[in-house]
Amino acid sequence: MRWTAPLISALLLTAWLLLGSLTALFGLPLPALGQFFNPAQGFWQNAGEGARVQQLSFHLDSPHARGEIHFDERGIPHIIAADLASACFLQGYANAYDRMWQMDISTRATEGALTQVLGESMKERDLEQIHKGFREMARRTVDTIREQFPEDYEVYQAYSDGINAYLDQLDPADYAVEYKLLGHAPQRWSPYRTALLLKGMSSGLSGFYRDAENTRTRNALGPERFDALYPERFPNDSPVVPDAGQQGVTSRFSLLPELFSAPAVPPREADPRQYVPFPFDPDNGSNNWAVAKSRSNTGFPILASDPHLSLTFPSVWYEAQITFPGCNARGVGLAGAPGLMMGFNDYIAWGETNVGHDVTDWYRITWTDSTRSAYLLDGKETATRFVYDTLQLKGGGEEVVATPWTIFGPVPYAQGEYADMAMRWRAQDEPGRDVRPHTTVLTFIKLMQAKNYADYVDALQGYVDPAQNFLFAARDGDIAIRPNGFFPLRQPEEGRFIREGDRTKNNWQGVIPFAERPVQYNPARGFVSSANQQTTGPKYPYYYVGGFDEYRGRYINRVLERQPTMNQRRMKELQLDAHSLFAEEVTPLLIARIDRQHLDDNGRQLLRLISEWDYQYAGDSRAATLFESWSRRLFELTFDEMPVDSGMLRPEQWKWTALLRDAPTDPIFDIVATPGFRETGPILTQRVFEELQEELNGELPVTWAEERDARIPHLGRIPGFGSPLITTGGSRTSPRVVGNGFGASWRMVVELGKDPRGWGALPGGASGNPGSRFYDNGFEEWASGGYHELTRWKMPDHPIGSWIFE
Amino acid sequence: MYRLFLLISVLLVCVVCLYAGASWYALAIGAAALCFLFPVWRRSALYFSFLAAAMVWGAYAGYLHFMTEGRLGDRLAVTFNVPTGWVMVVITALWGGITSGLGGLFGASLRIALRGGKK
């Protein structure tokens with residue numbers, strides 16, 4: 001009996017300690033609660049600002065650990081270094097301090113290494129990434145850079161050293177709160193991880209494809225109907241480089257003997273689970289433009305740039321000033337890569353939008369046996385090259401994963417509609433010194449140091465993928481835009497459909513030479529601009545295919561053409577403009593089709609609401625909600641022949657608008673499910689209106705902000721770590737793009753001059769720590785349309801913290 | 001009097017653990033050791049060990065929560081589906097208290113068992 005009490009208390013204590021040490025208790029996504037709630041090591045250690053607001057000195061064992069980082073009142077680092085390598089080292093150190101978990105998880109996602117930290121649920125996704133060859137691509141990239149661009153490799157290495165120097169000092173109590181929640185630890189950085197990060201970026205911007213959908217749709221509709229519904233060019237487009245502005249380009253088709261499109265191969269049955277492995281978001285896009293000094297109130301060019309990407313906390317971008325001899329730049333870079341991708345220095349400003357060309361093609365492989373050890377090529381058996389990778393499992397253990405590679409690329413799928421097809425994607429390539437003077441990262445490092453147009457052109461020559469519309473403005477008065485990247489040299493329709501992979505000549509045959517890529521330099525119209533629309537006018541001799549926006553670009557160009565003089569305030573207003581050209585063109589068509597004679601009071605109220613609309617997607621607009629519901633439903637009804645799960649492609653919005661306007665009795669409006677009745681555009685328009693009227697039952701629609709329900713989620717979708725509702729205006733068809741988890745990931749306006757000035761807005765903050773006030777301190781400013789001045793310190797100006805590296 | 005000494009001693013151990021960045025179960029070991037040494041009954045060992053640790057963990061977490069305007073606590077409250085960040089402070093205090101209290105209970109029980117049922 002006397003030992004009963006100690007025994008019971010020992011059992012209780014053991015049970016409690018066990019309870020606090022186990023992860024995923026009761027199957028819930030929970031960390032080990034004992035350590036998590038321990039204020040000495042757990043999440044409470046992440047509350048507050050930490051080293052950012054302190055004066056610290058570091059003596060690190062690296063030749064590049066020389067310089068200073070000062071943080072301003074917004075928490076933005078101002079990096080002052082003795083040379084380029086030191087600047088990269090310090091940028092790596094600052095990136096790691098603020099964004100280590102983001103960098104870690106992003107590269108794990110690209111690498112296919114999430115299973116190791118998140119468990120079995122991630123295995124299928126990881127295998128897909130490995131089979132698509134992301135690890136092999138990153139390895140190739142690093143090997144090429146190390147062997148052929150040793151001076152570029154130094155930049156990658158110095159940046160990695162900076163990250164690792166931070167990790168070497170890190171105590172587990174200082175790990176980001178996400179590490180504590182998920183129970184894993186940071187992994188060391190290397191140039192391989194930077195390469196992975198950039199491949200991940202490429203995947204989001206140039207990794208989309210519709211080969212199977214195009215092929216299926218053409219086979220279902222027949223070539224004639226297909227060509228009518230899916231023309232490759234929007235006749236009223238306002239391209240990035242119009243024919244009038246194109247300079248010095250001649251066709252090189254004569255260099256390509258006997259290159260004709262192979263016949264389209266019928267795809268297998270659609271499998272919605274495998275459908276589009278890189279989901280192409282139709283909202284993907286960005287705006288940028290620059291006005292010449294002749295159109296500027298200052299007498300110097302003004303540049304605006306706002307890239308639209310998935311919005312998350314922490315933000316994809318990391319704001320910084322980077323200074324070293326020959327460079328004093330401010331802008332944003334990617335957490336995980338050295339340099340600034342968009343920004344300005346004493347002489348120039350630059351920014352990018354995505355080009356949107358389809359540079360991912362699929363080739364049907366004919367295996368010679370079930371082991372996939374060889375395939376037919378030009379009538380001969382050709383050995384498959386297998387690449388072996390290791391998938392680490394959570395809690396130990398590993399699996400070897402084999403991926404077959406052909407001359408076209410990897411064969412990622414054994415099942416589904418892309419089964420037994422090789423994927424050819426531009427990002428698989430890391431061209432060597434023979435075709436370019438430097439690497440992609442150095443493009444941005446060189447832009448940071450550029451002084452004029454010649455430097456800008458030199459910088460762009462090393463850039464490969466994802467192709468971007470590189471915008472440029474200089475204080476000497478030059479403005480330019482160059483859609484740039486290693487564009488595949490194609491014959492018409494090549495890359496649009498699935499192709500046979502049994503002949504070498506079907507593979508890509510080269511790239512459009514740098515001098516033949518589109519360019520617009522000081523055009524007569526006094527501005528250059530891009531918004532992901534068609535790259536060139538119809539006279540450009542090289543063929544390309546892709547997905548292009550046809551509304552924002554036209555609207556921006558219209559505004560710029562109508563404004564004789566721009567200033568920085570008007571540039572910002574255009575970035576924040578929620579006017580939708582799509583709505584402007586479609587709304588009158590909808591209204592005109594309504595039978596007003598038979599409308600009741602509610603119907604008249606709704607019709608008045610939309611008739612008085614100014615096509616602004618304001619947050620409090622109810623007309624915008626009505627238009628969205630009306631047009632979206634009508635679009636779905638029009639293309640009922642092609643439901644989402646059919647694997648068929650829908651025509652573009654502009655084509656639908658043209659049908660509604662010019663061919664309202666086209667058979668496409670006929671509903672398949674009502675064979676005895678022939679619907680037309682006006683009948684469907686009226687029908688959808690009546691449905692909406694009935695559903696609203698006398699009420700007005702909710703406001704656009706409520707309907708859109710847009711927020712910025714946390715990168716890991718951890719509840720509570722995201723933003724509140726975004727109540728301001730914006731839509732996917734207006735310059736101010738705002739969607740749920742999508743929008744302008746950075747807004748920048750730069751006024752060139754003797755001392756250039758810049759303004760910016762970031763939907764987030766410098767810090768990746770949800771416990772810091774710098775985690776989301778930019779959100780309110782961004783959401784409400786504010787900007788902060790992008791100061792470039794010559795000397796530290798009342799920093800909130802300073803780190804001196806000696 | 002011993003109970004007061006015990007309370008102060010466990011408080012000191014908790015503060016030292018916090019300052020040293022010790023693991024959470026160090027509280028249980030410290031409280032068990034102190035309650036083995038101080039001649040107090042089991043119930044007092046449980047209560048005072050609980051109270052001391054809950055005060056230290058709760059006060060520290062509350063201080064951080066207040067000073068940072070609840071930025072992290074309030075976000076995690078959403079993650080853990082509790083009403084406010086102050087509940088996270090209370091959970092922290094309870095967790096520390098229970099860990100220390102059970103440690104103290106074990107220490108006192110062991111001592112009493114070894115002494116044949118006497119304090």
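Begin by selecting strand 11 and strand 12 of chain A, which form a hairpin with two residues between them, and look in the turn for A:Asp378, which has a positive phi of about 55°. Helices (H or I, at least four residues) and strands (E, at least two) are DSSP runs numbered from the N terminus, and two strands pair if DSSP finds at least two bridges between them. This is a predicted model, in which local features need pLDDT of at least 70 and side-chain atom pairs count only at pLDDT 80 or more, while totals for chains, interfaces and linings use all residues. Residues are numbered from 1 along each chain as its sequence is written, and chains are lettered from A and ligands numbered from 1 in the order in which they are written.

Staying with the hairpin, strand 11 (residues 374-377) and strand 12 (residues 380-383) of chain A run antiparallel and are joined by four bridges; A:Ala374 has A:Ala383 as its bridge partner in strand 12 of chain A. In a regular strand the side chains alternate between the two faces of the sheet. Colouring strand 11 of chain A by face separates A:Tyr375 and A:Leu377, on the covered face, from A:Ala374 and A:Leu376, on the uncovered one.

Next, display the open sheet of eleven strands in chain A, whose order is 1-26-2-3-6-7-8-9-16-17-19, with mixed pairing. At the edges stand strand 1 (55-58) and strand 19 (520-521) of chain A, each with a single partner strand, so one side of each is left without a neighbour in the sheet. Strand 2 (residues 67-71) and strand 26 of chain A pair in the antiparallel sense over five bridges, and A:His70 stands opposite A:Ser802 of strand 26 of chain A. Now add helix 3 (residues 84-111) of chain A, which lies across strand 2, strand 3 (77-81), strand 6 (317-324) and strand 26 of chain A and runs at about 150° to strand 6 of chain A; axes here are lines fitted to C-alpha atoms, for helices over the stretch in contact, and angles run from 0 to 180 degrees between N-to-C directions.

Within strand 26 (residues 801-805) of chain A, pick A:Ile804. Is A:Ile804 buried or partly exposed? With 14 other C-beta atoms within 10 Å, A:Ile804 is partly exposed; a residue is buried if 20 or more other C-beta atoms lie within 10 Å of its own, exposed if 12 or fewer, and partly exposed in between, with C-beta atoms placed from the backbone. Not counting residues up to four places away in sequence, A:Ile804 touches A:Ser57 and A:Glu68, contact being defined by C-beta atoms, placed from the backbone, that lie within 7 Å.

Move then to helix 10 (residues 211-221) of chain A, where eight of the eleven residues are buried, so the helix is largely enclosed by the rest of the structure. Among the buried residues of helix 10 of chain A are A:Asp211, A:Glu213, A:Arg216 and A:Arg218, and what covers the buried residues includes helix 11 (223-229) and strand 10 (360-364) of chain A. Just after helix 10 of chain A, A:Gly222 takes a positive phi of about 90°.

Finally, select chain B, which has five helices and zero strands, and of whose 119 residues 55% count as buried. Its contact with chain A takes 33 residues from chain A and 38 residues from chain B. On the side of chain A that touches chain B, helix 1 (4-21) and helix 2 (33-37) of chain A each supply at least two residues, and helix 1 of chain A gives the most, with nine residues.

Technical notes: Contact = placed C-beta atoms within 7 Å.
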